[in-house]
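Q: I have a structure here and want to go over how its inside is packed. Can we take it piece by piece?

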Amino acid sequence: MEEGNTKISKTTLIISAVAIVLLVGVIVYTHRSARNVVPPPVSENTPVPTNTAQWPSAKQSDQNINDNGSYYNISATYPVVKDDVITGYFKTFVQDSITQFKSDTSWAAGTGASTAPAEADGLSLTITYKEEKNNNADNFVFNSDVYTGGAHDLQSTKTFSFSPTGQLILLSSLFTNGNAGLSTIAPYVQKQLSTIQYADTDMIKEGTAPTPDNYASFTVQSDGVTFIFDPYDVAPYAAGTQTVKVPISVFKAIANPGIFK
C-alpha cells in the first residue's frame, strides 16, 4: 500500500514539475514575442472640444523678437497657445530661422562702412504669421521675408495645421494612401497654375511633381486643402506666391475621414 502511495506521489511530482516547466516556457516565450510585436497605431480617443477656444492650439498671446545687430535687423512674431508642445513648434521654427539668417549674413560681420557692400546696410529677416481656423483644423501660416544680399529679398512660407484635439496634421495624413495621394491631386494643381500670369510650363511641371517637398506648405479646410507655393517654386519671382485650393471632390476617394469629416 505504501509502495502504491509512493508511486502516486512520484507521478504527481513529475506531472507538477513538467507543468511548471511548460508554464515558465510559455511566460518566457510570450515576453520575448511581445517585445518584437509592433504595437498598433494609437487612435485618438480624446473628445473633440466643440468650442474652438478650448482647442489646445487656441492662441493666448504673441511672442515678439526684435534683434537689431550691427549689420542686420530681425523682427519675428509667433503665437503662444494653450498647449506648450504646439507653442514649441512655433518657437523652434522661429529660432532656427534666425540662426540660419545670421549664418547666411555672417559675411557682413566686422566690415567697415567704407568696405562693406551696399547691400550690407539692409540685411533683414521679418517673420509674421496668420491664423486660419475652421471646424476641421487650426492652421498657422508663417511668412518669412529675408534679405541676405543680392538682387532682392525672398519670401518663404511655413505652415502648421492642428486637429481640434491638438494633433499635428502631416501631409501624409491627408490621404488614406499617404503621400501617394499627391499623384491624385497633382494634375489638378498643374491645371490651375497653368492659367496664372507668368505661367512657365517647365517650372510648373517640376514644382508640382508629386513629392512631399513640393507640397510641404498647406492649410486644411472642411471642403478641401490649400497648397502654397513660394516665388520660384512654380513660377518666376515676378509672379509672387501662388495658392491652389484643391476641393475634396478631387480626392474624395482617398480623403482621410479622420480629417475631412
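Q: Which residues touch the most other members in the largest nonpolar core?
A: Leu 174, Tyr 215, Phe 227 and Phe 251, out of 28 residues in that core. A nonpolar core is a set of buried Ala, Val, Leu, Ile, Met, Phe, Trp, Tyr and Cys residues joined through side-chain atoms within 4.5 Å; buried means under 20% relative accessible area, exposed over 50% and partly exposed in between, with a 1.4 Å probe and protein chains only. This is a predicted model, where local features need pLDDT of at least 70, side-chain atom pairs count only at pLDDT 80 or more, and totals for chains, interfaces and linings use all residues. Residues are numbered from 1 along each chain as its sequence is written, and side-chain values use heavy atoms, leaving out hydrogens and water.

Q: Which element gives the most to this core?
A: α3, with 5 residues. Helices (H or I, at least four residues) and strands (E, at least two) are DSSP runs, numbered from the N terminus.

Q: Any other core?
A: Another one, of 22 residues, lies apart from it and includes Ile 74 and Phe 142.

Q: Switching to α2: which residues are buried there?
A: Ile 86, Thr 87, Phe 90, Phe 93, Val 94, Ser 97, Ile 98 and Phe 101. They line one face of the helix, because they fall within an arc of 125 degrees seen down its axis, taking directions from the axis to the C-beta atoms.

Q: And what is exposed on the face turned away?
A: Asp 84, Val 85 and Thr 99.

Q: What do the buried residues of α2 pack against?
A: Strands β1, β2, β3, β4 and β5, with contact meaning heavy atoms within 4.5 Å.
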